[in-house]
Amino acid sequence: HVLLDFATISCNGKACYGFTAVHRINFALGFFHFIMALLLVGVKNTRDKRSAVQNGFWGPKLIAWIALIVISFLIPDGFFIVWGNYVALVGAVLFLLLGLILLVDLAHSWAEYCLDKVENTDSQFWKSLLIGSTLTMYLGSIVMTVIMYIFFAGSGCSMNQAAITVNLICLLIVSVISVHPSIQDSNPRAGLAQAALVCVYCTYLTLSAVAMEPDDHQCNPLVRARGAR
């Protein structure tokens, strides 16, 4: 009755709020930022008066976001079923790709910063830090992969096995490409540090995916475990 009986939220005849509630809140947040993007079209620096929309008005913006969330709960379920199965799915893929691009850029900046320190100061600290961080990320990727194979890739879990194996193959390909002579000729500062960050990020995403899979084929021990996940 909170929704004035306008939006029916049910799962097999029982009240539920997980699937549609998540999409409603994300829809409100996405629509809010879409409006913000339209308001800031053409703004290139803080000298523009419209930049205050981005850098200020936090109270009104918070109220507007909450209002959009409330309005989203008045939209019928049918809209969010289509939204969640198609629009949100494409948006999620683009979001992950954008995040990966930003991480690669971060890895390049980090590696170049460390290399500059090594070249300018001949510091063993920065050299050890760069090598250590790279090895740590690769070690994290290996540990997560082993955990996935042990706990989430049992007999009958072909989808999990395929996802984990494809991710592992991609990690090997990315690592080999990062040190390939043609890549090194094009960008001498590219290397395993950038590949390591991509590896640990993609492995984390794969682990998150298999850990959230419904336990239809006894493939997710977290679902069967007692207590908090």
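**Exercise 1. Place T134 in its surroundings.**

Leaving aside neighbours within four places in sequence, which residues is T134 in contact with?

Solution.
- Step 1. Setting those neighbours aside, T134 is in contact with L192, A193 and A196. Contact means heavy atoms within 4.5 Å.
- Step 2. T134 sits in helix α5. Helices (H or I, at least four residues) and strands (E, at least two) are DSSP runs, numbered from the N terminus.
- Step 3. Is T134 buried or exposed? T134 has a relative accessible area of 10%, so it counts as buried. The cut-offs are under 20% relative accessible area for buried, over 50% for exposed, and partly exposed in between (1.4 Å probe, protein chains only).

A note on the model. It is predicted: local features need pLDDT of at least 70, side-chain atom pairs count only at pLDDT 80 or more, and totals for chains, interfaces and linings use all residues. Residues are numbered from 1 along each chain as its sequence is written, and side-chain values use heavy atoms, with hydrogens and water left out.

**Exercise 2. Describe the chain as a whole.**

How many helices and strands does the chain have?

Solution.
- Step 1. Count the elements: nine helices and two strands.
- Step 2. Put them in order. Along the sequence the pattern reads β-β-α-α-α-α-α-α-α-α-α.
- Step 3. Check burial. The chain has 229 residues, and 29% of them count as buried.
- Step 4. Check the surface. About 15,200 Å² is exposed, and carbon and sulfur atoms supply 72% of it. Accessible areas come from the Shrake-Rupley method with a 1.4 Å probe; for residues, only the protein chains shown count as cover.
- Step 5. Check the contact range. Among contacts with a separation of 6 or more, 60% come from residues 24 or more positions apart.

**Exercise 3. Set the record beside the model.**

Which residues does the UniProt annotation "transmembrane region" cover?

Solution.
- Step 1. Read the record. The unreviewed UniProt entry gives 25-43, 63-83, 89-108, 129-152, 158-179 and 191-212. UniProt positions are in the numbering used here, feature names are shortened, and annotations may be inferred rather than shown by experiment.
- Step 2. Take residues 25-43. This span is 79% helix and 0% strand, with its end C-alpha atoms 28 Å apart.
- Step 3. Take residues 158-179. Here the model has 95% helix and 0% strand, and the end C-alpha atoms lie 32 Å apart.

**Exercise 4. Trace the aromatic cluster.**

How many aromatic pairs does a search of the whole structure find?

Solution.
- Step 1. The search finds eight. Rings of Phe, Tyr and Trp (its six-membered ring) pair if their centres lie within 6.5 Å; planes under 30 degrees apart count as stacked, over 60 as edge-to-face and the rest as tilted.
- Step 2. One of them joins F27 and F79, edge-to-face, at 5.4 Å centre to centre and 80 degrees between the planes.
- Step 3. Locate the partners. F27 is in helix α1 (residues 18-39) and F79 in helix α4 (residues 77-121), 52 residues apart, so the pair links distant parts of the chain.
- Step 4. Compare cover. F27 is buried at 16% relative accessibility. F79 is partly exposed at 37%.
- Step 5. Move on from F79. F79 and W83 form a stacked pair, 5.9 Å centre to centre with 25 degrees between the planes. Both lie in helix α4, four residues apart, about one turn of the helix.
- Step 6. Assemble the cluster. Ring pairs link F27, F31, F79, F80 and W83.
- Step 7. Add H23, in helix α1. Beyond neighbours within four places in sequence, H23 is in contact with F80, W83, G84 and A88. H23 is buried, with a relative accessible area of 14%.

**Exercise 5. Find the salt bridge.**

Which residue forms a salt bridge with D48?

Solution.
- Step 1. The whole structure yields one salt bridge. The term means a side-chain nitrogen of Lys or Arg within 4 Å of a carboxyl oxygen of Asp or Glu.
- Step 2. The partner is R50, and the closest N and O atoms are 4.0 Å apart.
- Step 3. D48 is partly exposed at 25% relative accessibility. R50 is also partly exposed, at 35%.

**Exercise 6. Examine F57.**

Where does F57 lie?

Solution.
- Step 1. F57 lies in the loop between α2 (51-55) and α3 (58-72).
- Step 2. Its phi is positive, about 55 degrees, although F57 is not a glycine.
- Step 3. F57 counts as exposed because its relative accessibility is 53%.
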